[in-house]
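Grab a pencil and work through these exercises with the model open beside you. Try each task before you read its solution.

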Amino acid sequence: MPNLRIADLTAEIEANVRRALLEDVGSGDITAQLIPAERLAKATIISRDAAVIAGTAWVDTVFRQLDPRVAVHWQVTDGDRVSANQALFHLEGPARSLLTGERSALNFLQMLSGVATRAQYFADMVSGTQVKLLDTRKTLPGLRLAQKYAVTCGGCHNHRIGLYDTFLIKENHIAACGGIAQAVEAAHRIAPGKPVEVEVESLSELKQALDAGADIIMLDELSLDDMREAVRLTAGRARLEASGGINDDTLRVIAETGVDYISIGAMTKDVKAVDLSMRLSL
């Protein structure tokens, strides 16, 4: 499950921005038409919050698609930690275009920086351990790749992108297939080489998943003692992922059990947008 890179997302960013501008600008910004077309302006965008930055490419693309005459001058890059009231970037160009693009650009930056900031918060909590923190599919429809990229800017890692790149065999799949062994065997037959992950709820099911040849085993809300025993029993034969019951009080102690991964839906689901502000001058 390699992390997304910005180089992988060029077409996705273009599509995200086209949809955003169509949604916001529509047939035209009627308020911006109050401003003389030839009037030039400058603007500075600041963060009112301490944050981790993500989404600079989306901002660049907003103004390039809207009006290539707008120049964007960045003071930060994705992954940078910034302080409250720090300047992030400056704009120069037609005043109409700066104001028309403001909301779409800041919407991307505030949301993706919010994800990166949340991810960094969790990453800091497990600093010094060997565990990798993973995101989930609990993302905004249409913005999954953007949010998953932002997770990496905050120092965490990507789980599967969708239903197509990794098998994740859960309780209902197991029941419908007739058992763990049958489900894993079918996965290996249907798509050889695709990673196979199995969710288990007990040490007995863990042993079944190991015997079946699962690549990754998700420990669903096991006790700390059972997680430690799972690490001992597995002995490197599969990678172990802890899931469920993850919060500020439990994250560090779960990381110290020796599991390989911890997945956290809150990384992309329970996110507070970073407060950004644009100041215009002529």
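Before we start, a definition: domain bounds here come from an automatic or database domain assignment. Also keep in mind that this is a predicted model.

**Exercise 1. Split the chain into domains, then find how far apart their C-alpha centres lie.**

Step 1: Start with the bounds. Domain 1 takes in 6-120 + 271-281, and domain 2 takes in 157-263. Notice that domain 1 is written as two stretches of the chain.

Step 2: Now go from one C-alpha centre to the other. For domain 1 and domain 2, that separation is 40 Å.

**Exercise 2. Work out the strand order of the four-stranded open sheet, and say which strands stand at its edges.**

Step 1: Look at the pairs. S3 and S5 are joined by four bridges and pair in the antiparallel sense. S1 and S5 are also antiparallel, with eight bridges. Then S1 (residues 40-47) meets S12 through six bridges, antiparallel again.

Step 2: Chain those pairs together and you get the order S3-S5-S1-S12.

Step 3: Check the ends. S3 (71-74) and S12 (276-281) each have a single partner strand, so one side of each has no neighbour in the sheet.

Step 4: Add the twist, which averages 20° from one strand to the next.

**Exercise 3. Find the residues that stand opposite Ile45 in S5 and in S12.**

Step 1: Look towards S5 first: there, Ile45 faces Phe89.

Step 2: Now look towards S12, where Met278 is opposite Ile45.

Step 3: Try a few more pairs for practice. Thr44 has His90 as its bridge partner in S5, while Ile46 is partnered by Ser277 in S12. Over at S3 and S5, Ala71 is matched with Glu92.

**Exercise 4. Which strands do H2 and H3 lie across, and at what angles do they run?**

Step 1: Take H2 (residues 56-66). This helix lies across S3 and S5 (86-94), and its angle to S3 is about 165°.

Step 2: Move on to H3, which lies across S1, S3, S5 and S12. Against S5, H3 runs at about 145°.

**Exercise 5. Describe the largest pocket: its volume, its lining and the elements that supply it.**

Step 1: Begin with the volume, which is about 460 Å³.

Step 2: Go to the centre. Out of 25 lining residues, Thr136, Lys138, Ser243, Ser263 and Gly265 are the closest to it.

Step 3: Sort the lining by type: six residues are nonpolar, eight are polar and 11 are charged.

Step 4: Trace the lining back to the fold. H3 (95-125), S9 (216-220) and S10 (239-243) each supply at least two residues.

**Exercise 6. Do the same for the second largest pocket, and name the element that gives the most to its lining.**

Step 1: This pocket holds about 240 Å³ of space.

Step 2: List some of the lining. Among the residues are Asn16, Arg19, Glu23, Ser104, Phe108 and Leu143.

Step 3: Ask where they come from. The elements giving two or more residues are H1 (10-25) and H3. Of all the contributors, H1 gives the most, with five residues.

Step 4: Finish with the types: the lining of the second largest pocket has five nonpolar, four polar and three charged residues.

How values were computed
Residues numbered from 1 in each chain as written. Predicted model: local features only at pLDDT ≥ 70, side-chain atom pairs only at ≥ 80, totals over all residues. Heavy atoms only, no water. 1 Å grid on protein atoms, 1.4 Å probe; cavity = no way out; pocket = protein on both sides within 12 Å on 5 of 7 lines; lining within 4 Å. Points joined across faces, edges and corners; volume = space filled by probe spheres on them. Nonpolar A, V, L, I, M, F, W, Y, C, P; charged D, E, K, R; others polar. Pairing = 2+ DSSP bridges. Axes fitted to C-alpha atoms, helices over the stretch in contact; angles between N-to-C directions. Contact = heavy atoms within 4.5 Å.
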